[in-house]
Amino acid sequence: MSSLFAGVGRSDITPAPGTPQGGWGAQTHQRGLGADMPLYATALVLSDGNISVAVIDADAIGFDREWTERILAAVTQHTGIPRTHIRFSCTHTHSGPNTFRLRTITEGLDLILAYLDGLPGRIAGAVWQAQQNLKPVRCSAGGGCCEINVNRRLRLDDGRVVIGNNWEGPVDHTVRVVRLDQLDGNPLATLMHYACHPTTMAWQCQWATPDYPGVARQVVEEQTGSTCLFLQGATGDIGPREGFTGDLSVYRRSGRILGLEAAKVATAMEVVPRGERMVEIIQSGASIVVYGREPLQGEAPVLGLLSKKLQLPLARFRPVSELEAEAEAARYEFDRLAKSGSDQEIRMARSRATQSGMRAEIAKTHEGKTHLEWELLGIRLGSVALVSVPGEPFIQINQQIVEQSPFEQTLFSGYSNGGFGYLPVRRAYAVGGYEVEISPFSADAAEMVVDESLSMLKELKEGT
């Protein structure tokens, strides 16, 4: 019998009509008209009888440390799973409820606060539900390819780095899939891992959506009969080939393309290994061998977990007073144009106010500090490793970790257990661009994440 147990649970976290939605600098609306499709929090609980681990996938852009800790505390309170054994990951959809720029909200603030107040209980409920349905499982992993993503850091002839389609830049098209089946072969859960910013739906969209991850997850569930979790990858410099639109059909199509590839990989897996045995030979027009396939006894996948607090070096910021003065001037100009300006003028003013406000807030938050605590979490599931950090790591970080990992399959992710902040690689600092300009970290941070992740993976592997 297997000594690995798993259970799944889900809660609906769809916002009500009128809840502040999006949060783009170029956005001219604040409140969403409703939801184009449901948003969910999906949980997977793993246990070997000694330790329990929770992996949570939430359709959200992300949460600051305060709200993240509230959610994690609620999960611990309702399930007894230790705080350090919980991975709370967000898909990073940019067209969900505005849960991260509350200071900019002037319409519907009561609705978003009520929404946030209800989230810890809803998410904890999904984990609790998963915990009640633990069943013995086996697991397998594989990979496919999907090209809906592209490097998004485009350098123009004048030297500026903008958000566009950089066809020559580094990118990872791999779709990584982990499938967990019950011992009778019935599918229980599928983990789908992919790296692409969910910015398909942008400032034009007035509907809450889970973007392409929600559609991909739905397709996998339809095709496999399992509950699917989407684990976002390292997307700091990766975006959709077709995005920044208000056309809802675009995210639905991209999600279906990804979902079908992940479902194909999952369907082809043989989670419970089977041996081939000759049963008989039938005489037809030819002599035909009839085979029987029987499950083989195998060892249960090893479950392991390691958690570590990294101290990542911070960048040097301009004086807070100077940045706050710029932000205040930008807000004043936005307020002025909001009353009498054209849509284009309002959009540009809002963008300037958003960017200057972000720079001022980052500098103020980290004023006087040299390092920032960043959580690194590693989960071992047999020959598969799940590694996660907060923030938005660049794809090269993922590539280095995967290439040197001792595991057959390594799924590296950002957007986990709270905190915002881009993690650019060193070479990006030489050319600048949006991600570098608003990153709280120095050029040394990415290399530290790579080194510490590889060290953790080695320790997880040797812990058998």
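A residue is termed buried when its relative accessible area is under 20%. In this predicted model, Tyr-212 has a relative accessible area of 1% and is therefore buried. Phe-230 is likewise buried, at 1%. Tyr-212 and Phe-230 form an edge-to-face aromatic pair, with 5.8 Å between centres and 90 degrees between the planes. Tyr-212 belongs to helix 3 and Phe-230 to strand 12, so placed that the pair links distant parts of the chain, 18 residues apart.

The structure holds 8 aromatic pairs by the criterion applied. Another of them, formed by Trp-203 and Phe-244, is stacked, at 6.3 Å centre to centre and 25 degrees between the planes. Because Trp-203 lies in the loop between strand 10 and strand 11, and Phe-244 in the loop between strand 13 and helix 4, this pair ties together parts that are 41 residues apart in sequence. Trp-203 is partly exposed, with a relative accessible area of 25%, and Phe-244 is partly exposed at 28%. Together with Trp-24, Trp-203 and Phe-244 form one aromatic cluster.

Attention now turns to the nonpolar interior. The largest nonpolar core has 35 residues, and Phe-441, Leu-312, Trp-374 and Leu-423 are among those that touch the most other members. Several elements each supply at least two residues of this core, including strand 16, helix 6 and strand 17; helix 10 gives the largest share, 8 residues. Beyond its neighbours within four places in sequence, Phe-441 is in contact with residues including Leu-312, Trp-374, Leu-423 and Tyr-429. Apart from this core lies another, of 29 residues, among them Ile-13 and Tyr-115.

Charged side chains also meet rings: Arg-10 lies over the face of Tyr-40, 4.9 Å from the ring centre, and Lys-461 over the face of Phe-407, at 5.2 Å.

Notes. Residues are numbered from 1 along each chain as its sequence is written. This is a predicted model: local features need pLDDT of at least 70, side-chain atom pairs count only at pLDDT 80 or more; totals for chains, interfaces and linings use all residues. Side-chain values use heavy atoms; hydrogens and water are left out. A nonpolar core is a set of buried Ala, Val, Leu, Ile, Met, Phe, Trp, Tyr and Cys residues joined through side-chain atoms within 4.5 Å. Buried means under 20% relative accessible area, exposed over 50%, partly exposed in between (1.4 Å probe, protein chains only). Helices (H or I, at least four residues) and strands (E, at least two) are DSSP runs, numbered from the N terminus. Contact means heavy atoms within 4.5 Å. Rings of Phe, Tyr and Trp (its six-membered ring) pair if their centres lie within 6.5 Å; planes under 30 degrees apart count as stacked, over 60 as edge-to-face and the rest as tilted. A charge sits over a ring if NZ of Lys or CZ of Arg is within 6 Å of the ring centre and within 35 degrees of the ring normal.
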